[in-house]
Amino acid sequence: APPHERVGVAEDDEELVRCIRDAQIDILVDLSGHTAFHRLLAFARRPAPVLLPYWVYGLGINPLNCHVFASSAWNSGWTTNYGLAEFDSAGNVVNAYPVVSSGGGLCVDGNGHVWVTQGNQIAHLQPSGPGHVLVGYISTDNTSTPFQFVWGAAVDSNGKIWATDAS
């Protein structure tokens with residue numbers, strides 16, 4: 001496996017932290033949570049600037065300021081009941097958005113607009129001052145082919161938003 005895909009199961013916490021720092025990893029996602037093979041002690045040492053818990057569903061990077069957006073379907077711990085958080089490059093939460101209560105997949109377009117899947121709709125947030133404001137939702141409730149459970153979101157080089165339905 002490439003060095004950036006190194007698996008840390010067999011290493012002790014100190015060695016794992018050293019490897020992460022040596023590799024200069026910027027964003028570290030914990031996929032094991034509180035399972036038998038968790039690495040919570042290594043995470044507690046903050047080996048990377050941005051640490052994201054296992055319940056993160058979507059990640060996006062704003063190309064205008066390199067802020068990281070992360071969505072969650074549960075109370076994220078970043079702040080009460082917000083399903084979308086924005087982190088600066090040092091890993092600090094700079095904004096949390098109450099308009100997204102249960103985030104799924106997300107993407108950030110070239111203009112810094114954030115698109116977050118949420119049930120049968122996609123929330124659209126646009127840059128405004130130091131944060132983002134909700135513009136509205138893309139929903140197909142009143143069409144002949146509604147989303148049942150929109151899960152993934154992506155943006156192409158032309159700014160077109162693509163979504164997948166998990167139903």
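Analyst: Two strands pair if DSSP finds at least two bridges between them; helices (H or I, at least four residues) and strands (E, at least two) are DSSP runs, numbered from the N terminus. The model is predicted, with local features requiring pLDDT of at least 70 and side-chain atom pairs pLDDT 80 or more, while totals for chains, interfaces and linings use all residues. Residues are numbered from 1 along each chain as its sequence is written, and side-chain values use heavy atoms, without hydrogens or water.

User: What does the assignment yield for the chain as a whole?

Analyst: The secondary structure comes to 2 helices and 12 strands. Along the sequence, these follow the pattern α-β-α-β-β-β-β-β-β-β-β-β-β-β.

User: How do you know which strands belong to the open sheet, and in what order?

Analyst: The sheet has 4 strands in the order E3-E4-E5-E6, with antiparallel pairing. Strand E3 (56-61) and strand E6 (93-97) each have a single partner strand, so they stand at the edges and one side of each is left without a neighbour in the sheet. Neighbouring strands are turned by 20° against each other on average, direction ignored; the axes behind this angle are lines fitted to C-alpha atoms, for helices over the stretch in contact, and angles run from 0 to 180 degrees between N-to-C directions.

User: What makes E3 and E4 a pair?

Analyst: E3 and strand E4 (residues 68-72) run antiparallel and are joined by 5 bridges, so the requirement for pairing is met. Within this pair, Gly-58 stands opposite Ser-71 in E4.

User: How do you know that E5 and E6 pair, and what joins them in the sequence?

Analyst: Strand E5 (residues 84-87) and E6 pair in the antiparallel sense over 4 bridges, and Leu-84 faces Tyr-97 of E6. The two strands form a hairpin with 5 residues between them, and Gly-91 in the turn has a positive phi of about 90°.

User: What makes the phi angles of Gln-24 and Cys-66 notable?

Analyst: Gln-24 has a positive phi of about 55° although it is not a glycine. The phi of Cys-66, also in a residue other than glycine, is positive and near 60°. Gln-24 is found in the loop between helix H1 (13-22) and strand E1 (27-29), whereas Cys-66 lies in the loop between E3 and E4.

User: Why is Gln-24 placed in its accessibility class, and how does Asn-62 fare?

Analyst: The classes rest on relative accessible area: buried is under 20%, exposed is over 50%, and partly exposed is in between (1.4 Å probe, protein chains only). Gln-24 has 65% and is therefore exposed. Asn-62, in the loop between E3 and E4, has 3% and is therefore buried. A polar atom of the Asn-62 side chain lies 2.8 Å from the backbone nitrogen of Leu-64. Of the 167 residues of the chain, 40% count as buried.

User: Why are Val-29, Leu-31 and Leu-59 called a nonpolar patch?

Analyst: A patch is made of residues with over 30% relative accessible area and no salt bridge, with nonpolar side chains (Val, Leu, Ile, Met, Phe, Trp, Tyr) joined within 5 Å and like charges within 9 Å. Val-29, in strand E1, has 32% relative accessibility and counts as partly exposed. Together the three residues have about 280 Å² of accessible area, by the Shrake-Rupley method with a 1.4 Å probe, only the protein chains shown counting as cover.

User: What makes the contact between Glu-14 and Arg-45 a salt bridge?

Analyst: The term requires a side-chain nitrogen of Lys or Arg within 4 Å of a carboxyl oxygen of Asp or Glu. The closest N and O atoms of Glu-14 and Arg-45 are 3.0 Å apart, so the pair qualifies. The bridge links distant parts of the chain, 31 residues apart: Glu-14 is in helix H1, and Arg-45 is in the loop between helix H2 (40-44) and strand E2 (50-52). Glu-14 is partly exposed at 48%, as is Arg-45 at 34%.

User: How do you know that Glu-15, Arg-18 and Asp-22 are linked?

Analyst: The structure holds 3 salt bridges. One of them joins Glu-15 to Arg-18 with closest N and O atoms 2.6 Å apart, and another joins Arg-18 to Asp-22 at 2.5 Å. Glu-15 and Arg-18 are 3 residues apart in helix H1, so about one helical turn separates them. Arg-18 and Asp-22 are 4 residues apart in helix H1, again about one helical turn. Glu-15, Arg-18 and Asp-22 are thus linked in a network of salt bridges. Asp-22 is exposed at 52%, whereas Arg-18 at 39% is partly exposed.

Methods: A polar contact is a pair of N or O atoms within 3.5 Å; within protein, one must be able to donate a hydrogen and the other to accept it, and residues adjacent in sequence count only if both atoms are side-chain atoms.
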